[in-house]
Amino acid sequence: MGREAEAQIAFQGATGLGKLLLEGAQVLCRGEIRARIARADILGVEIQGDDLILETPQGRLTATLGAKEAAAWVRALARPQPSLAEKLGVHAGLLALVLGEIADPVLGQALAPFQTRDPRLAGLAIAEMRERADLDRALAQIGALPLWAVTFKGKSSPFSDDAVRKVLR
């Protein structure tokens, strides 16, 4: 989804080898230097020689990536993040058949302009999965439509994404 690079990283007075990752709404540092910086909190981005420099509220982060890789990071950070609707692949030309109720308000808002209850108008189906019966109902309704099966994260999830994969295999 994002970018990943090995780098010499300097941040908050410490320097070390690590991995710089761009994952969605954040930049992560793993290795000797550990940090999590929200993209929205990045105040400035620049290149100095082989270094990518991020100005953050916590101070300057410098990652020695090489000039070419640093330029690629600048371009990646400048690109707007895709919306949830874009990630799901729904748009005015491809509507989603919404099965059941969508309890997640963020998901509901993302789907609102692109949802239908008529399977003939849909290009894909989406349903929240709380238990095996939800998946069975969805599969009975979708015909040949691709299905986004939305599960809830965490060990306490009553019906995990692993359980969905096992059924669909």
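In this predicted model, E128 is buried, with a relative accessible area of 7%. This value lies below the cut-off, because buried means under 20% relative accessible area. E128 belongs to strand β10, which covers residues 122-128. Its side chain takes part in polar contacts. One runs from the side chain of E128 to the backbone nitrogen of D104, at 3.1 Å. Another, of 3.3 Å, links the side chains of E128 and R130. Beyond its neighbours within four places in sequence, E128 is in contact with E101, I102, A103, D104, L107, D134, V150 and F152. D104 thus appears both as a polar partner of E128 and in this list of contacts.

Strand β10 is part of an open sheet of 4 strands. The order is β9-β8-β10-β11, and the pairing is parallel. Strands of a sheet pair through backbone hydrogen bonds, either parallel or antiparallel. The edges of this sheet are β9 (115-116) and β11 (147-150). Each of these edge strands has a single partner strand, so one side of each is left without a neighbour in the sheet. For β11, 4 bridges in the parallel sense make the pairing with β10. Among the bridge partners, A125 is matched with L147 in β11.

Helix α4 packs on this sheet. The helix touches β8 (95-99), β10 and β11. Its direction makes about 165 degrees with that of β11. Helix α4 covers residues 132-142, and Q141 is found there. Q141 counts as partly exposed, at 45% relative accessibility. In sequence, Q141 and L97 are 44 residues apart. In space, their C-alpha atoms are 9.8 Å apart.

Helix α1 was examined next. It has 12 residues, 67-78. At 1.5 Å a residue, the helix should span 16 Å. The end C-alpha atoms are 17 Å apart, which agrees. Which residues of α1 are buried? They are A70, A72, W73, A76 and L77. These buried residues cover an arc of only 155 degrees around the axis, so they lie on the same side of α1. The face turned away from the buried side carries the exposed residues K68, R75 and A78. What covers the buried residues of α1 includes several strands: β1 (3-11), β2 (14-23), β3 (26-31), β5 (44-48) and β6 (51-56).

Conventions: Residues numbered from 1 in each chain as written. Predicted model: local features only at pLDDT ≥ 70, side-chain atom pairs only at ≥ 80, totals over all residues. Heavy atoms only, no water. Helix = DSSP H or I, 4+ residues; strand = E, 2+ residues; numbered from the N terminus. Buried < 20%, exposed > 50% of the residue type's maximum accessible area, 1.4 Å probe, protein only. Polar contact = N/O pair within 3.5 Å; in protein donor to acceptor, adjacent residues only side chain to side chain. Contact = heavy atoms within 4.5 Å. Pairing = 2+ DSSP bridges. Axes fitted to C-alpha atoms, helices over the stretch in contact; angles between N-to-C directions. Expected span 1.5 Å × (residues − 1). Arc of directions from axis to C-beta.
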